[in-house]
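Visitor: Could you walk me through this model and tell me what stands behind each label?
Guide: Sure, have a look at it here.

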Amino acid sequence: MKTMEIISFEKRTFEEIAAKLDRFVQRVESLCREHGGKETSEWMDNHEVYRRLRISPRTLQTLRDNGTLAFTKIGNRTYYRPDDVERVIGNVEEKRKEARWKGKAI
């Protein structure tokens with residue numbers, strides 16, 4: 001059984017925390033405006049990357065795990081920048097050739 005803890009703040013302390021949070025949010029919004037906040041439509045999801053690279057989900061996981069392919073997680077979804085995906089195509093094709101030479105497939 002879980003117990004709930006209650007933490008109380010003085011009103012002044014709460015207002016200071018709230019003001020700092022507001023400044024933080026404003027700063028993040030400002031940075032997003034300055035750097036042209038990225039839309040997720042500009043990014044590729046797992047399915048698009050599987051198709052583009054012609055690889056399995058497990059191979060994509062390996063590319064993420066070993067740092068070959070950069071990614072960003074937002075919630076439970078994983079996104080990839082198209083230029084990062086294009087950059088690893090040569091690497092994947094080289095691995096595919098090596099695998100064929102050994103009589104395997106990726």
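**Labels and their cut-offs**

Guide: R87 and D83 are about one helical turn apart, because four residues separate them in helix α4. Before we go on: this is a predicted model, where local features need pLDDT of at least 70 and side-chain atom pairs count only at pLDDT 80 or more, while totals for chains, interfaces and linings use all residues. Residues are numbered from 1 along each chain as its sequence is written, and side-chain values use heavy atoms, with hydrogens and water left out.

Visitor: Why is the meeting of the R87 and D83 side chains called a salt bridge?
Guide: The term asks for a side-chain nitrogen of Lys or Arg within 4 Å of a carboxyl oxygen of Asp or Glu. For R87 and D83 the N to O distance is 3.7 Å, so the pair meets that definition. R81, D83, D84 and R87 are linked in a network of such bridges, and the structure holds ten salt bridges.

Visitor: What makes D83 partly exposed, and R87 exposed?
Guide: Buried means under 20% relative accessible area, exposed over 50%, and partly exposed in between, with a 1.4 Å probe and protein chains only. D83 has 42%, so the middle label applies. R87 has 58%, and therefore counts as exposed.

Visitor: Which side chains meet in a salt bridge with K11 and with E10?
Guide: K11 meets E15, at 3.9 Å from N to O. Both lie in helix α1, four residues apart, about one turn of the helix. K11 is exposed because its relative accessibility is 64%, whereas E15, at 43%, is partly exposed. E10 meets R12 at 3.6 Å, N to O. E10 has 52% relative accessibility, so the exposed label applies, and R12 has 51%, so R12 is exposed too.

Visitor: How do you know that α4 is a helix, and what counts as a strand?
Guide: Both are DSSP runs numbered from the N terminus: H or I over at least four residues for helices, E over at least two for strands. Helix α4 spans 82-101.

Visitor: What makes β1 and β3 a pair?
Guide: Pairing needs at least two bridges found by DSSP between the strands. β1 and β3 (residues 77-80) have two, in the antiparallel sense, and D45 stands opposite Y79 in β3. The open sheet has three strands in the order β1-β3-β2. β1 (44-45) and β2 (72-74) are at the edges because each has a single partner strand, so one side of each has no neighbour in the sheet.

Visitor: Why is one group of residues called a nonpolar core?
Guide: The name covers buried Ala, Val, Leu, Ile, Met, Phe, Trp, Tyr and Cys residues joined through side-chain atoms within 4.5 Å. The largest such core has twelve residues, among them M44, L60, Y80 and V92. Its biggest share, four residues, comes from α4. Setting aside neighbours within four places in sequence, L60 is in contact (heavy atoms within 4.5 Å) with N46, V49, Y50, I55, L69 and Y80.

Visitor: What makes R54 worth a look?
Guide: Most residues other than glycine have a negative phi. R54 isn't glycine, yet its phi is near 55°, a positive value. R54 is found in the loop between α2 and α3, and its relative accessibility is 51%, so it counts as exposed.
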